[in-house]
Amino acid sequence: MSKKTVACLHQQKAYYLLTVKGNQPTLLNALKQVSEHQEPLGCAQHEDRSHGRWVYRRVSVYEVTGQDWTEPWPGLQRGLCVERWGYRERRPFAQTHYYISNLDADAATFLQGLQGHWSIENRLHWPKDVLLNEDRAPQRAANTAANYSTIRNFFITAARRFNLDSIAQAKRFFANRLDQVLLSLQ
């Protein structure tokens, strides 16, 4: 997200929670230093065992006001270090991500918000991007990409309405039943 967008959000008294990635090296390195040398204001943890995975998350929240690198980020209050580790498909993994926010909240609040975001990511964006190949779709002209995205959203919604467990199962189920699907949506 651009600094102009953050300034606009701050001016409108809206909250932001932004992932800090490698394209902001100064900010990323500053957050790493804060998390290594400063005591967190608080920590919250969550363990999730589902779908053959075991994921442990810890959110540590840090005070970042008054730092010289915070000036381009209006209203910046908190830096977050989010650690995830565990097993996916019987293979160990570990990840650390950093975030900034103008919200003066505790670690449990941030953890809940981040989990809510990942729920959206896992239930909509991942199926569209990975299972339905939206990012590699050849449709690019005018409104074509938006129209196909709407069709993909419809497909995912219909699959959930029919309590289908997977995209593959939904494709098989809907292959010759479009009339039933359309009737069920009335």
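**Close-up views of a predicted model**

Read from one end of the sequence to the other, the protein runs α-β-α-β-β-β-β-α-α-α-α. This is a predicted model, and the legends below walk through a handful of spots in it.

**View 1. The whole chain, before zooming in.** The protein has six helices and five strands. Of its 186 residues, 31% count as buried. Keep that share in mind for the close-ups, where some side chains are buried and others are exposed.

**View 2. The largest nonpolar core.** This core has 17 residues, and the ones with the most contacts inside it are Leu31, Trp69, Trp73 and Ile100. Strand 1 (17-20), helix 2 (25-37) and strand 5 (91-101) each put in at least two residues. Helix 2 gives the largest share of the core, with five residues.

**View 3. Glu63 and Arg78, a link between two strands.** Here the side chains of Glu63 and Arg78 meet in a salt bridge, 2.9 Å from N to O. The pair ties distant parts of the chain together: Glu63 is in strand 3 (residues 53-63), Arg78 is in strand 4 (residues 78-88), and they are 15 residues apart. Is Arg78 buried or exposed? Arg78 counts as buried because its relative accessibility is just 7%, under the 20% cut-off. Its partner Glu63 has 27% relative accessibility, so Glu63 counts as partly exposed.

**View 4. Two more salt bridges, Glu47 with Arg49 and Arg91 with Glu89.** The side chains of Glu47 and Arg49 pair up in a salt bridge at 2.7 Å, N to O. Glu47 is partly exposed, with a relative accessible area of 39%, while Arg49 counts as exposed at 62% relative accessibility. In the other pair, the side chains of Arg91 and Glu89 form a salt bridge at 3.2 Å, N to O. Both Arg91 and Glu89 are exposed. Salt bridges with shared partners also join Glu63, Arg78 and Asp104 into one network. The count for the model comes to five salt bridges.

**View 5. Arg84, a buried charge with no salt bridge.** Side chains of opposite charge can pair when their charged atoms come close. What is the nearest side chain of opposite charge to Arg84, and how far away is it? It is Asp48, at 9.9 Å. A salt bridge has to fall within 4 Å, so Arg84, though buried, goes without one. Arg84 lies in strand 4. What Arg84 does have is a polar contact, side chain to side chain, with His97 at 3.2 Å.

**View 6. Ser101 and the backbone of Tyr16.** Ser101 sits in strand 5. With a relative accessible area of 1%, Ser101 is buried. Where does its side chain reach? The Ser101 side chain gets to the backbone oxygen of Tyr16, at 2.7 Å.

**View 7. A nonpolar patch on the surface.** Phe154, Leu178 and Leu182 make up this patch, and together they have about 280 Å² of accessible area. Leu182 is found in helix 6 (residues 178-184). Leu182 has a relative accessible area of 46%, so this residue is partly exposed.

Notes:
Residues numbered from 1 in each chain as written. Predicted model: local features only at pLDDT ≥ 70, side-chain atom pairs only at ≥ 80, totals over all residues. Heavy atoms only, no water. Buried < 20%, exposed > 50% of the residue type's maximum accessible area, 1.4 Å probe, protein only. Helix = DSSP H or I, 4+ residues; strand = E, 2+ residues; numbered from the N terminus. Lys, Arg positive; Asp, Glu negative; His and termini not counted. Polar contact = N/O pair within 3.5 Å; in protein donor to acceptor, adjacent residues only side chain to side chain. Patch = residues over 30% accessible without salt bridge, like charges linked within 9 Å, V, L, I, M, F, W, Y side chains within 5 Å. Areas by Shrake-Rupley, 256 points an atom, 1.4 Å probe, with all protein chains shown as cover. Core = buried A, V, L, I, M, F, W, Y, C linked by side-chain atoms within 4.5 Å.
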